[in-house]
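Q: Could you take a close look at one small part of this model, the place where the backbone takes a less usual turn? I'd like to understand its setting and then see how the rest of the chain is put together.

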Amino acid sequence: MSDTRRRVKVYTLNEERQWDDRGTGHVSSTYVDRLSAMSLLVRAESDGSLLLESKINPNTAYQKQQVQGRDPSLDITQDIIDESEEERFEEMPETSHTVDLPPCELNKLEEIADLVTSVLSSPIRREKLALALENEGYIKKLLQLFRVCEDLDNTEGLHHLYEIIRGILFLNKAALFEGMFSDESIMDVVGCLEYDPSLPHPRKHREFLTKTVKFKEVIPITDTELKQKIHQTYRVQYIQDIILPTPSVFEENFLSTLTSFIFFNKVEIVSMLQEDEKFLTELFAQLTDEATDDHKRRELVNFLKEFCAFSQTLQPQNRDAFFKTLANLGILPALEIVLGMDDIQVRAAATDIFSYLVEYSPSMVREFVMQEAQQSDDDILLINVIIEQMICDADPELGGAVQLMGLLRTLIDPENMLATANKTEKTEFLSFFYKHCMHVLSAPLLANTDEKCSYKGKFQT
């Protein structure tokens, strides 16, 4: 079988239902003796190692995943089967008939619910039902019936609609999600999911999302599309985490596309915020302004922490650009100020942000600290602020101190220091650390030792 040489990304769904990036490679299809079947193989473009070996299942609907803003040279999930293989699948006997949808009427809701539930065990029938729903604009009709059932207090109909909408989510089709999670439809989808027939009373998810939850703009967001994307992501995440029951072992794969939908939404949010230089400039200006009140600063730091957490969904090259943008805007000087504040919550959030930076690039933090030493006293150096916070942690369990100790250990670890023809980071930074920081780190130990020596001398006399 010839190599199609398609360049693809490989993702795996971890136990926390998040996508892990396994790398970039080239995909091909070939017969694997061990699996006794045609299989998809992905070999890493860097070293040729095997990233994926997956038996091709004729009942699986392989599809191309479109991702807005993605690298055009990559296909996330590619329909890589060549013509000869397609012919081979076409020759396989059809195991399912076309799915015919009943009329979308009140007296047909039970029949519709039975149909949706019955197709979930068959990949081919799931695919056919999803296509029929999309082609006929059926979901909008169902949501119109939902409003009618609520007006009529038709509890039986509402229970059927719960089963129908839940089943449609389990069809695992991104094309259906785009319509279901649009501004005009998503609250009706949430409404359908309030009427779980296994519960004695409907849940109040819409009331929570519209009245209890408040969207706070720590810095005004002028981009309407970005606002809509943030609202949509929060609501879809709420559907996945709160409304839908924890999937069984047999249902886990039914929600993989929902997880992907949230994943790529977060990627878009980070990218759109990153491109808004006015927004980020104002964020850092207010964060470091002495006139900013404590409550406002706490909100700013928490937003920046969540922003950094979202960045973990980015591809490596996009994550590089993200952290370089933050570095250019002055995130390290800002953290230096915030870490020295009295507010425990602000310091904890700032520590989490600092951990993202250290994890991303210890060298970037080291370079900043060494440049800072040329203009500042030792007492106010960022790394000495970290040491002071570690030593003076008021938590009886020393949770913050342990976290800071781990970050400090990463920064002074010679194993992750760079060496080039013109510069040896190990020599430069360790020399700097012993000169400017070691006395701060060892001060409590020396003070304790001096006290014991003084006490011992008095005792002997």
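A: **A close look at a loop**

Asp 153 sits in the loop that links helix H4 (138-152) to helix H5 (155-169). Bear in mind as you look at it that this is a predicted model. Asp 153 has a phi near 55°, which is positive although the residue is not glycine. As background, most residues other than glycine have a negative phi. Asp 153 is classed as exposed because its relative accessibility is 63%, and the cut-off for that class is over 50%.

A second loop makes a useful comparison. Asn 172 lies in the loop between H5 and helix H6 (174-180), and its phi is also positive, near 70°, again in a residue other than glycine. Its surroundings are another matter: Asn 172 counts as buried because its relative accessible area is 16%, and buried means under 20%. So Asp 153 is exposed, whereas Asn 172 is buried.

Positive phi values turn up in the hairpins too. Between E2 and E3 there are four residues, and in this hairpin Ser 36 takes a positive phi near 55°. The hairpin of E3 and E4 has five residues between its strands, and there Gly 48 has a positive phi near 80°.

Those hairpins belong to the sheet, so let's go there next. The sheet is open and built from four strands in the order E1-E2-E3-E4, with antiparallel pairing. At its edges are strand E1 (6-13) and strand E4 (50-55), each of which pairs on one side only. From one strand to the next, the twist averages 40°.

E3 is a good strand to follow by residue. E2 and E3 run antiparallel and are joined by eight bridges, while strand E3 (residues 37-44) pairs with E4, also antiparallel, over five bridges. Ser 39 in E3 is the bridge partner of Thr 30, and Ser 39 also has a bridge partner in E4, namely Lys 55. Further along the E3 and E4 pairing, Val 42 is matched with Leu 52 in E4, and Arg 43 with Leu 50 in E4. E3 is mostly covered, with seven of its eight residues buried.

The sheet also has a helix against it. Helix H10 (residues 256-275) packs on the sheet and touches E1 and strand E2 (19-32); the directions of H10 and E2 make an angle of about 135°.

H10 brings us to a pocket as well. The second largest pocket has a volume of about 930 Å³. Its lining consists of 27 residues, and the closest to its centre are Phe 215, Lys 216, Ile 230, Tyr 234 and Glu 306. H10 supplies at least two residues of this lining, and so does each of helix H8 (205-212), helix H9 (224-243) and helix H12 (294-311).

Glu 306, one of those central lining residues, lies in helix H12. With a relative accessible area of 47%, Glu 306 is partly exposed. Its C-alpha atom is separated by 8.8 Å from that of Ile 353, although the two residues are 47 apart along the chain.

Ile 353 leads on to the nonpolar interior, since Ile 353 is one of the residues touched by Ile 331. As a general point, nonpolar side chains in soluble globular proteins tend to be buried together. Here the largest nonpolar core has 68 residues, and Ile 331 and Phe 354 have the most contacts inside it. Helix H15 (residues 344-360) gives the most to this core, with eight residues. Leaving aside residues up to four places away in sequence, Ile 331 touches Phe 284, Leu 304, Leu 326, Ile 353 and Leu 357. A separate second core has 52 residues, among them Ala 113, Ala 130, Leu 145 and Leu 193.

Finally, here is the setting for all of these parts. The protein chain holds 20 helices and four strands. It has 461 residues, and 45% of them are buried. Of its contacts between residues at least 6 apart in sequence, 61% join residues at least 24 apart.

Key:
Residues numbered from 1 in each chain as written. Heavy atoms only, no water. Core = buried A, V, L, I, M, F, W, Y, C linked by side-chain atoms within 4.5 Å. Buried < 20%, exposed > 50% of the residue type's maximum accessible area, 1.4 Å probe, protein only. Contact = heavy atoms within 4.5 Å. Pairing = 2+ DSSP bridges. Axes fitted to C-alpha atoms, helices over the stretch in contact; angles between N-to-C directions. 1 Å grid on protein atoms, 1.4 Å probe; cavity = no way out; pocket = protein on both sides within 12 Å on 5 of 7 lines; lining within 4 Å. Points joined across faces, edges and corners; volume = space filled by probe spheres on them.
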